[in-house]
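Q: Could you take a close look at one part of this structure, the second chain, and describe how its strands and helices are arranged and how it meets its partner? I would like one connected account rather than a list.

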Amino acid sequence: MLATRALRLVGKRALSTSICLRGGHGVAKVEDYTLPAYFDRRENPLPDIKFVQQLSPEQKSLKEKEKGSWAVLSKEEKIALYRISFKESFAEMEKGTGEWKSVVAGIFFFIGFTGLVVLWQRKYVYGDVPHTFDPEYKQKELQRMLDMRINPVEGFSAKWDYENNAWKK
Amino acid sequence: MAHPAQMGFQDAATPVMEELLHFHDHALMIVYLISTMVFYIIVAMVTTELTNKYILDSQEIEIMWTALPAIILVLIAMPSIRVLYLMDEINDPHLTIKAMGHQWYWSYEYTDYENLTFDSYMTPTQDLTPGQFRLLETDHRMVVPTDAPIRVLVSAEDVLHSWAVPSLGVKMDAVPGRLNQTAFIASRAGVFYGQCSEICGANHSFMPIVVEAVPLEHFEIWTAMMMEDV
(Lines give C-alpha, C1' and ligand atoms only; values in the text may rest on other atoms or scores of the structure.)
Protein backbone atom coordinates (compact mmCIF):
# COMPACT_ATOMS: atom_id res chain seq x y z
CA MET A 1 0.00 0.00 0.00
CA LEU A 2 2.64 2.36 1.04
CA ALA A 3 4.78 1.29 -1.87
CA THR A 4 2.12 2.06 -4.47
CA ARG A 5 1.50 5.46 -2.94
CA ALA A 6 5.23 6.22 -3.06
CA LEU A 7 5.57 4.98 -6.60
CA ARG A 8 2.60 7.13 -7.69
CA LEU A 9 4.50 10.17 -6.41
CA VAL A 10 7.32 9.19 -8.71
CA GLY A 11 4.87 9.15 -11.59
CA LYS A 12 3.71 12.66 -10.67
CA ARG A 13 7.40 13.77 -10.58
CA ALA A 14 6.96 15.00 -7.02
CA LEU A 15 9.52 12.36 -5.97
CA SER A 16 12.42 12.09 -8.34
CA THR A 17 14.69 9.12 -8.85
CA SER A 18 17.26 11.39 -10.46
CA ILE A 19 19.02 14.03 -8.44
CA CYS A 20 19.30 16.21 -11.52
CA LEU A 21 15.59 17.04 -11.40
CA ARG A 22 15.40 17.94 -7.72
CA GLY A 23 17.82 20.77 -8.00
CA GLY A 24 15.20 22.93 -9.60
CA HIS A 25 17.72 25.12 -11.28
CA GLY A 26 21.38 25.11 -12.30
CA VAL A 27 22.27 21.44 -11.93
CA ALA A 28 24.95 20.30 -14.31
CA LYS A 29 25.23 16.80 -15.68
CA VAL A 30 27.70 14.92 -13.50
CA GLU A 31 30.30 12.90 -15.41
CA ASP A 32 31.54 10.55 -12.69
CA TYR A 33 29.60 8.31 -10.34
CA THR A 34 28.88 10.90 -7.68
CA LEU A 35 25.95 13.02 -6.63
CA PRO A 36 26.22 16.64 -7.72
CA ALA A 37 27.99 18.59 -5.02
CA TYR A 38 29.13 22.14 -4.49
CA PHE A 39 32.89 22.84 -4.35
CA ASP A 40 35.18 25.85 -4.57
CA ARG A 41 38.13 24.80 -6.71
CA ARG A 42 40.31 26.92 -8.91
CA GLU A 43 40.90 24.32 -11.60
CA ASN A 44 37.18 23.45 -11.83
CA PRO A 45 35.61 26.92 -11.81
CA LEU A 46 32.02 25.82 -12.39
CA PRO A 47 30.66 23.49 -9.66
CA ASP A 48 27.92 20.95 -10.35
CA ILE A 49 25.23 22.84 -8.46
CA LYS A 50 24.58 26.36 -7.23
CA PHE A 51 25.59 27.17 -3.68
CA VAL A 52 22.18 28.27 -2.42
CA GLN A 53 19.57 25.65 -3.22
CA GLN A 54 16.65 26.95 -1.14
CA LEU A 55 16.03 30.54 -2.18
CA SER A 56 14.55 33.05 0.24
CA PRO A 57 11.64 35.21 -1.04
CA GLU A 58 13.99 38.17 -1.71
CA GLN A 59 16.31 35.89 -3.63
CA LYS A 60 13.39 34.48 -5.59
CA SER A 61 12.28 37.97 -6.62
CA LEU A 62 15.89 38.80 -7.53
CA LYS A 63 15.98 35.75 -9.74
CA GLU A 64 12.84 36.96 -11.50
CA LYS A 65 14.46 40.37 -11.99
CA GLU A 66 17.51 38.62 -13.47
CA LYS A 67 15.35 37.36 -16.32
CA GLY A 68 15.03 40.94 -17.53
CA SER A 69 17.76 43.27 -18.68
CA TRP A 70 20.94 43.01 -16.65
CA ALA A 71 21.81 46.65 -17.18
CA VAL A 72 19.16 47.72 -14.64
CA LEU A 73 20.58 45.51 -11.90
CA SER A 74 22.48 47.44 -9.23
CA LYS A 75 25.95 46.41 -8.10
CA GLU A 76 24.64 44.95 -4.82
CA GLU A 77 22.04 42.93 -6.73
CA LYS A 78 24.71 41.52 -9.05
CA ILE A 79 26.83 40.59 -6.07
CA ALA A 80 23.79 38.97 -4.41
CA LEU A 81 23.19 36.92 -7.55
CA TYR A 82 26.84 35.86 -7.56
CA ARG A 83 26.60 34.80 -3.95
CA ILE A 84 23.56 32.65 -4.76
CA SER A 85 25.60 30.69 -7.27
CA PHE A 86 28.98 30.69 -5.51
CA LYS A 87 30.13 30.44 -1.91
CA GLU A 88 33.59 32.02 -2.21
CA SER A 89 34.92 34.35 -4.84
CA PHE A 90 38.18 33.51 -6.57
CA ALA A 91 40.05 35.96 -4.38
CA GLU A 92 38.67 34.38 -1.21
CA MET A 93 39.36 30.89 -2.51
CA GLU A 94 42.96 31.64 -3.35
CA LYS A 95 43.75 33.48 -0.16
CA GLY A 96 45.07 30.58 1.89
CA THR A 97 44.59 29.97 5.57
CA GLY A 98 47.96 30.85 7.10
CA GLU A 99 48.01 27.36 8.56
CA TRP A 100 51.61 26.96 7.44
CA LYS A 101 52.74 29.36 10.15
CA SER A 102 51.37 27.08 12.87
CA VAL A 103 52.98 24.08 11.20
CA VAL A 104 56.42 25.71 10.96
CA ALA A 105 56.12 26.93 14.56
CA GLY A 106 55.33 23.38 15.67
CA ILE A 107 58.31 22.02 13.75
CA PHE A 108 60.72 24.49 15.34
CA PHE A 109 59.29 23.84 18.77
CA PHE A 110 59.78 20.09 18.55
CA ILE A 111 63.27 20.45 17.09
CA GLY A 112 64.16 22.69 20.02
CA PHE A 113 62.63 20.28 22.49
CA THR A 114 64.60 17.42 20.95
CA GLY A 115 67.75 19.49 21.35
CA LEU A 116 67.04 19.87 25.05
CA VAL A 117 66.49 16.13 25.37
CA VAL A 118 69.81 15.45 23.63
CA LEU A 119 71.67 17.85 25.93
CA TRP A 120 70.15 16.23 28.98
CA GLN A 121 71.11 12.77 27.70
CA ARG A 122 74.70 13.82 27.10
CA LYS A 123 75.01 15.12 30.64
CA TYR A 124 73.15 12.46 32.63
CA VAL A 125 73.07 9.28 30.56
CA TYR A 126 76.15 8.83 28.37
CA GLY A 127 79.69 8.18 29.64
CA ASP A 128 82.91 9.62 28.26
CA VAL A 129 83.95 9.17 24.63
CA PRO A 130 86.98 6.90 24.02
CA HIS A 131 90.46 8.39 24.48
CA THR A 132 90.97 8.22 20.70
CA PHE A 133 88.89 11.38 20.43
CA ASP A 134 91.45 13.48 22.29
CA PRO A 135 92.90 16.23 20.07
CA GLU A 136 96.50 14.95 20.43
CA TYR A 137 95.40 11.46 19.49
CA LYS A 138 93.43 12.77 16.51
CA GLN A 139 96.54 14.69 15.42
CA LYS A 140 98.61 11.50 15.48
CA GLU A 141 95.88 9.64 13.63
CA LEU A 142 95.82 12.28 10.92
CA GLN A 143 99.60 12.13 10.54
CA ARG A 144 99.48 8.35 10.34
CA MET A 145 96.80 8.48 7.65
CA LEU A 146 99.00 10.80 5.61
CA ASP A 147 102.08 8.65 6.19
CA MET A 148 100.17 5.55 5.05
CA ARG A 149 98.93 7.42 1.97
CA ILE A 150 95.28 6.67 2.75
CA ASN A 151 93.13 7.45 -0.33
CA PRO A 152 95.98 8.96 -2.38
CA VAL A 153 94.19 9.17 -5.73
CA GLU A 154 91.40 11.70 -5.21
CA GLY A 155 90.62 11.45 -1.54
CA PHE A 156 92.43 12.24 1.67
CA SER A 157 96.16 12.07 0.91
CA ALA A 158 95.63 13.49 -2.55
CA LYS A 159 94.82 16.81 -0.91
CA TRP A 160 98.07 16.99 1.08
CA ASP A 161 101.15 18.65 -0.36
CA TYR A 162 103.97 16.35 0.78
CA GLU A 163 106.73 18.67 -0.43
CA ASN A 164 105.60 21.67 1.58
CA ASN A 165 104.02 19.73 4.44
CA ALA A 166 100.69 21.50 4.19
CA TRP A 167 97.25 21.01 2.72
CA LYS A 168 97.12 21.79 -0.98
CA LYS A 169 95.65 25.20 -1.75
CA MET B 1 89.84 3.64 5.41
CA ALA B 2 87.43 6.54 5.30
CA HIS B 3 88.47 10.00 6.44
CA PRO B 4 86.22 11.87 8.89
CA ALA B 5 82.81 12.81 7.51
CA GLN B 6 83.55 11.11 4.22
CA MET B 7 80.50 10.88 1.97
CA GLY B 8 81.73 9.07 -1.16
CA PHE B 9 83.62 5.88 -1.86
CA GLN B 10 87.19 5.28 -0.74
CA ASP B 11 89.78 5.46 -3.50
CA ALA B 12 89.92 2.27 -5.53
CA ALA B 13 92.85 -0.11 -5.10
CA THR B 14 91.75 -2.59 -7.76
CA PRO B 15 90.62 -2.18 -11.37
CA VAL B 16 87.19 -3.65 -10.55
CA MET B 17 86.58 -1.12 -7.80
CA GLU B 18 87.56 1.64 -10.19
CA GLU B 19 84.96 0.43 -12.67
CA LEU B 20 82.36 0.25 -9.92
CA LEU B 21 83.20 3.82 -8.94
CA HIS B 22 82.74 5.11 -12.49
CA PHE B 23 79.48 3.18 -12.89
CA HIS B 24 78.23 4.67 -9.66
CA ASP B 25 79.04 8.16 -10.93
CA HIS B 26 77.15 7.44 -14.14
CA ALA B 27 74.06 6.01 -12.42
CA LEU B 28 74.03 8.73 -9.77
CA MET B 29 74.16 11.45 -12.40
CA ILE B 30 71.11 9.93 -14.08
CA VAL B 31 69.38 9.78 -10.71
CA TYR B 32 70.21 13.45 -10.06
CA LEU B 33 68.84 14.46 -13.47
CA ILE B 34 65.58 12.58 -12.97
CA SER B 35 65.13 13.86 -9.42
CA THR B 36 65.77 17.45 -10.47
CA MET B 37 63.25 17.17 -13.26
CA VAL B 38 60.61 15.62 -11.00
CA PHE B 39 61.18 18.23 -8.31
CA TYR B 40 60.88 21.00 -10.87
CA ILE B 41 57.61 19.55 -12.18
CA ILE B 42 56.21 19.27 -8.66
CA VAL B 43 57.09 22.88 -7.88
CA ALA B 44 55.64 24.04 -11.19
CA MET B 45 52.37 22.17 -10.61
CA VAL B 46 51.98 23.46 -7.08
CA THR B 47 52.70 27.10 -7.86
CA THR B 48 50.89 27.45 -11.18
CA GLU B 49 48.24 30.11 -11.73
CA LEU B 50 46.57 28.13 -14.49
CA THR B 51 43.09 26.78 -13.84
CA ASN B 52 42.73 24.34 -16.70
CA LYS B 53 44.94 21.52 -15.44
CA TYR B 54 43.15 18.41 -16.55
CA ILE B 55 44.14 17.47 -20.05
CA LEU B 56 42.33 14.34 -21.14
CA ASP B 57 44.27 13.27 -24.21
CA SER B 58 47.99 13.61 -24.87
CA GLN B 59 49.46 10.99 -27.18
CA GLU B 60 52.82 12.71 -27.68
CA ILE B 61 53.74 13.09 -24.02
CA GLU B 62 52.57 9.59 -23.23
CA ILE B 63 54.89 8.23 -25.91
CA MET B 64 57.72 10.39 -24.57
CA TRP B 65 57.41 9.30 -20.98
CA THR B 66 57.27 5.68 -21.97
CA ALA B 67 60.13 5.67 -24.47
CA LEU B 68 62.54 7.91 -22.55
CA PRO B 69 62.53 5.84 -19.32
CA ALA B 70 63.08 2.71 -21.41
CA ILE B 71 66.09 4.34 -23.05
CA ILE B 72 67.41 5.55 -19.67
CA LEU B 73 67.10 2.04 -18.29
CA VAL B 74 69.09 0.64 -21.20
CA LEU B 75 71.74 3.31 -20.60
CA ILE B 76 72.00 2.17 -17.00
CA ALA B 77 71.87 -1.55 -17.75
CA MET B 78 74.66 -1.60 -20.32
CA PRO B 79 77.52 -0.47 -18.05
CA SER B 80 75.99 -2.40 -15.18
CA ILE B 81 76.10 -5.72 -17.00
CA ARG B 82 79.59 -4.88 -18.25
CA VAL B 83 80.91 -4.44 -14.71
CA LEU B 84 79.05 -7.51 -13.52
CA TYR B 85 80.66 -9.71 -16.14
CA LEU B 86 84.04 -8.06 -15.53
CA MET B 87 83.84 -9.18 -11.92
CA ASP B 88 83.30 -12.78 -13.05
CA GLU B 89 86.23 -12.92 -15.45
CA ILE B 90 88.51 -15.98 -15.31
CA ASN B 91 91.59 -14.50 -13.75
CA ASP B 92 94.12 -17.32 -13.19
CA PRO B 93 95.14 -16.37 -9.68
CA HIS B 94 98.74 -16.36 -8.55
CA LEU B 95 97.84 -16.94 -4.94
CA THR B 96 94.92 -18.46 -3.05
CA ILE B 97 94.15 -17.39 0.50
CA LYS B 98 91.45 -18.82 2.69
CA ALA B 99 89.72 -16.33 4.94
CA MET B 100 87.79 -18.10 7.69
CA GLY B 101 85.35 -16.23 9.86
CA HIS B 102 85.06 -17.08 13.52
CA GLN B 103 83.29 -15.49 16.44
CA TRP B 104 84.92 -12.96 16.60
CA TYR B 105 88.06 -12.87 14.48
CA TRP B 106 89.29 -13.83 11.03
CA SER B 107 91.91 -16.44 10.30
CA TYR B 108 93.93 -16.56 7.08
CA GLU B 109 95.46 -19.65 5.52
CA TYR B 110 98.18 -19.38 2.87
CA THR B 111 98.53 -23.04 1.94
CA ASP B 112 99.68 -22.91 -1.69
CA TYR B 113 103.33 -23.58 -0.92
CA GLU B 114 103.82 -23.79 2.83
CA ASN B 115 101.32 -24.17 5.62
CA LEU B 116 100.95 -20.60 6.87
CA THR B 117 97.93 -20.01 9.09
CA PHE B 118 97.34 -17.20 11.54
CA ASP B 119 94.49 -15.45 13.35
CA SER B 120 93.68 -11.78 13.04
CA TYR B 121 92.14 -10.25 16.15
CA MET B 122 91.04 -6.64 16.54
CA THR B 123 93.41 -4.51 18.62
CA PRO B 124 91.38 -3.47 21.72
CA THR B 125 90.96 0.27 22.20
CA GLN B 126 93.05 0.43 25.37
CA ASP B 127 95.94 -1.35 23.62
CA LEU B 128 96.20 1.03 20.67
CA THR B 129 99.49 2.81 20.12
CA PRO B 130 98.89 6.55 19.58
CA GLY B 131 97.71 7.16 16.05
CA GLN B 132 96.26 3.73 15.38
CA PHE B 133 92.66 3.59 14.20
CA ARG B 134 90.08 2.56 16.77
CA LEU B 135 88.05 -0.60 15.93
CA LEU B 136 89.97 -1.05 12.66
CA GLU B 137 93.44 -2.26 13.54
CA THR B 138 94.30 -5.95 13.89
CA ASP B 139 97.28 -7.75 15.31
CA HIS B 140 98.04 -9.53 12.00
CA ARG B 141 97.31 -8.17 8.54
CA MET B 142 96.55 -10.20 5.46
CA VAL B 143 99.54 -9.37 3.27
CA VAL B 144 99.27 -9.79 -0.50
CA PRO B 145 101.58 -8.96 -3.41
CA THR B 146 100.60 -6.08 -5.71
CA ASP B 147 99.71 -6.55 -9.38
CA ALA B 148 98.91 -10.23 -8.85
CA PRO B 149 95.48 -11.83 -9.17
CA ILE B 150 94.58 -13.08 -5.71
CA ARG B 151 91.84 -15.58 -5.08
CA VAL B 152 90.20 -15.46 -1.66
CA LEU B 153 88.11 -18.42 -0.52
CA VAL B 154 85.78 -17.21 2.20
CA SER B 155 84.09 -19.47 4.69
CA ALA B 156 83.11 -19.57 8.32
CA GLU B 157 83.65 -21.91 11.22
CA ASP B 158 80.55 -21.11 13.26
CA VAL B 159 77.97 -18.55 12.13
CA LEU B 160 77.52 -16.30 9.12
CA HIS B 161 80.14 -13.59 8.61
CA SER B 162 81.06 -11.48 5.60
CA TRP B 163 84.54 -10.57 4.39
CA ALA B 164 84.42 -7.03 3.03
CA VAL B 165 87.11 -4.54 2.04
CA PRO B 166 85.60 -1.50 0.31
CA SER B 167 88.80 -0.16 -1.31
CA LEU B 168 89.32 -3.49 -3.03
CA GLY B 169 85.69 -3.67 -4.13
CA VAL B 170 85.25 -6.99 -2.38
CA LYS B 171 82.47 -8.35 -0.23
CA MET B 172 81.78 -12.05 0.12
CA ASP B 173 79.60 -13.81 2.65
CA ALA B 174 81.26 -16.38 4.89
CA VAL B 175 78.83 -19.27 5.19
CA PRO B 176 79.63 -22.26 7.39
CA GLY B 177 80.03 -25.38 5.29
CA ARG B 178 80.37 -23.39 2.06
CA LEU B 179 83.34 -22.06 0.09
CA ASN B 180 82.73 -18.72 -1.59
CA GLN B 181 85.31 -17.43 -4.02
CA THR B 182 86.21 -13.85 -4.73
CA ALA B 183 89.22 -12.35 -6.44
CA PHE B 184 91.02 -9.05 -6.81
CA ILE B 185 94.20 -7.51 -8.19
CA ALA B 186 95.75 -4.88 -5.92
CA SER B 187 96.96 -2.24 -8.38
CA ARG B 188 98.71 -0.08 -5.78
CA ALA B 189 100.53 -0.78 -2.54
CA GLY B 190 98.83 0.29 0.65
CA VAL B 191 96.84 -0.74 3.69
CA PHE B 192 93.14 -1.34 3.17
CA TYR B 193 90.62 -1.68 5.96
CA GLY B 194 87.29 -3.46 6.08
CA GLN B 195 84.83 -4.75 8.64
CA CYS B 196 82.73 -7.88 9.08
CA SER B 197 79.52 -7.32 7.14
CA GLU B 198 77.11 -9.94 8.42
CA ILE B 199 75.69 -9.86 11.94
CA CYS B 200 77.40 -12.59 13.89
CA GLY B 201 76.84 -11.93 17.57
CA ALA B 202 77.98 -9.62 20.30
CA ASN B 203 81.31 -8.58 18.76
CA HIS B 204 80.24 -8.37 15.15
CA SER B 205 81.44 -4.75 15.01
CA PHE B 206 84.80 -5.73 16.47
CA MET B 207 86.31 -8.15 13.95
CA PRO B 208 87.87 -5.97 11.25
CA ILE B 209 89.89 -6.98 8.21
CA VAL B 210 93.19 -5.38 7.23
CA VAL B 211 94.78 -6.15 3.86
CA GLU B 212 98.30 -4.93 3.19
CA ALA B 213 99.42 -4.91 -0.43
CA VAL B 214 103.19 -4.86 -0.90
CA PRO B 215 105.55 -5.51 -3.81
CA LEU B 216 106.36 -9.18 -4.36
CA GLU B 217 109.85 -9.08 -2.79
CA HIS B 218 108.43 -7.69 0.43
CA PHE B 219 105.65 -10.26 0.36
CA GLU B 220 108.23 -13.05 0.20
CA ILE B 221 110.12 -11.53 3.11
CA TRP B 222 106.89 -11.34 5.08
CA THR B 223 105.94 -14.98 4.46
CA ALA B 224 109.41 -16.10 5.51
CA MET B 225 109.12 -14.06 8.72
CA MET B 226 105.62 -15.41 9.45
CA MET B 227 106.77 -19.01 8.93
CA GLU B 228 109.52 -18.47 11.48
CA ASP B 229 107.16 -17.02 14.06
CA VAL B 230 104.31 -19.45 13.69
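A: What follows goes through the sheets of chain B, then two features of its backbone, and finally its interface with chain A.

The model is a predicted one, and the description below should be read with that in mind. Chain B contains an open sheet of five strands, arranged in the order β3-β2-β1-β5-β8 with mixed pairing. The edges of this sheet are formed by β3, residues 116–120, and β8, residues 180–185; each has a single partner strand, so one side of each is left without a neighbour in the sheet. Direction ignored, neighbouring strands here are turned by 25° against each other on average. Within the sheet, strand β1(B), residues 95–102, and strand β2(B), residues 105–110, are joined by five bridges and pair in the antiparallel sense; in this part of chain B, Gly101(B) stands opposite Trp106(B), a residue of β2(B). Helix α3(B), which covers residues 216–229, packs on the sheet and touches β1, β2 and β3 of chain B, its direction making about 85° with that of β3(B).

Chain B also has an open sheet of three strands, in the order β4-β10-β9, and the pairing is again described as mixed. Here β4(B) and β9(B), the latter spanning residues 190–195, stand at the edges, and because each has a single partner strand, one side of each is left without a neighbour in the sheet. From one strand to the next, the twist averages 25°. The strands β9(B) and β10(B), the latter being residues 208–214, run antiparallel and are joined by six bridges, with Ile209(B) in β10(B) as the bridge partner of Gly194(B). Helix α3(B) returns in this second setting, since the helix lies across β4 and β10 of chain B and runs at about 140° to β4(B). Taken together, α3(B) touches β1, β2 and β3 in the sheet of five strands and lies across β4 and β10 as well.

Two details of the backbone deserve attention when the loops around β1(B) are inspected. The peptide bond from Gln103(B) to Trp104(B) is cis, with omega near 5°, and Trp104(B) is placed in the loop between β1 and β2 of chain B, the two strands that pair over five bridges. Asp92(B), for its part, has a positive phi of about 50° although it is not a glycine; Asp92(B) lies in the loop between α2(B), residues 59–87, and β1(B).

Turning to the interface, 27 residues of chain B are in contact with 22 residues of chain A, and the two chains bury about 2000 Å² between them, with 55% of that area on carbon and sulfur atoms. Counting pairs in which both residues are at pLDDT 80 or more, 11 residue pairs are in polar contact across this interface. On the side of chain B that touches chain A, the residues divide into 10 nonpolar, 10 polar and seven charged. The search of the whole structure finds 10 salt bridges over all chains, and the pair Glu137(B) and Arg144(A) joins two chains, because Glu137(B) lies in the loop between β3 and β4 of chain B while Arg144(A) lies in helix α7(A), residues 135–147. The count between chain B and chain A is one salt bridge, and in the bridge between Glu137(B) and Arg144(A) the closest N and O atoms are 2.5 Å apart.

Terms used
Residues numbered from 1 in each chain as written. Chains lettered and ligands numbered in written order. Predicted model: local features only at pLDDT ≥ 70, side-chain atom pairs only at ≥ 80, totals over all residues. Heavy atoms only, no water. Contact = heavy atoms within 4.5 Å. Buried area = accessible area lost by both parts, 1.4 Å probe. Salt bridge = Lys/Arg side-chain N within 4 Å of Asp/Glu carboxyl O. Polar contact = N/O pair within 3.5 Å; in protein donor to acceptor, adjacent residues only side chain to side chain. Nonpolar A, V, L, I, M, F, W, Y, C, P; charged D, E, K, R; others polar. Pairing = 2+ DSSP bridges. Helix = DSSP H or I, 4+ residues; strand = E, 2+ residues; numbered from the N terminus. Axes fitted to C-alpha atoms, helices over the stretch in contact; angles between N-to-C directions.
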